[in-house]
Amino acid sequence: MGEDNVEVERLKDLQAQWIAKETGITEAQARELVDMIGVDRPSLLREARALKSRLKPPVNR
């Protein structure tokens with residue numbers, strides 16, 4: 001792996017950590033989103049929030 005690839009992977013890891021912390025999804029889920037979408041924060045936030053809302057159990061009333 002070249003030096004540039006190492007830096008790209010590091011950036012992806014940092015973005016995944018940030019997205020996980022901001023939205024409450026797991027880092028593994030966040031990393032999958034980063035791998036699919038890239039490092040565009042608005043897109044990552046939108047998709048992470050959508051994922052989080054789909055994973056919430058329904059509220060019993």
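**View 1. Thr 26, a partly exposed residue in the loop between H1 and H2.** With a relative accessible area of 44%, Thr 26 counts as partly exposed, because this value falls between the limits of 20% for buried and 50% for exposed residues. In this predicted model, Thr 26 belongs to the loop that joins H1 and H2. Its C-alpha lies 17 Å from that of Leu 11, a residue from which Thr 26 is separated by 15 residues in sequence.

**View 2. The largest nonpolar core, made up of 11 residues.** The residues that form this core are Ala 16, Ile 19, Ala 20, Ile 25, Ala 30, Leu 33, Val 34, Leu 44, Leu 45, Ala 48 and Leu 51. At least two of the core residues come from each of helix H1 (3-23), helix H2 (27-37) and helix H3 (41-55), and H3 makes the greatest contribution, with four residues.

**View 3. The surroundings of the core residue Ala 48.** When neighbours within four places in sequence are set aside, the residues in contact with Ala 48 are Ile 19, Thr 23, Ile 25 and Leu 33. Of these contacts, Ile 19, Ile 25 and Leu 33 are also listed, together with Ala 48 itself, as members of the largest nonpolar core.

**View 4. Glu 32, an exposed residue of helix H2.** Glu 32 is found in helix H2, and its relative accessibility of 54% places Glu 32 in the exposed class, because that class begins over 50%. Between Glu 32 and Leu 51, which are 19 residues apart in sequence, the C-alpha to C-alpha distance is 11 Å; Leu 51 is itself one of the residues of the largest nonpolar core.

Definitions and conventions:
Residues are numbered from 1 along each chain as its sequence is written. This is a predicted model: local features need pLDDT of at least 70, side-chain atom pairs count only at pLDDT 80 or more; totals for chains, interfaces and linings use all residues. Side-chain values use heavy atoms; hydrogens and water are left out. A nonpolar core is a set of buried Ala, Val, Leu, Ile, Met, Phe, Trp, Tyr and Cys residues joined through side-chain atoms within 4.5 Å. Buried means under 20% relative accessible area, exposed over 50%, partly exposed in between (1.4 Å probe, protein chains only). Contact means heavy atoms within 4.5 Å.
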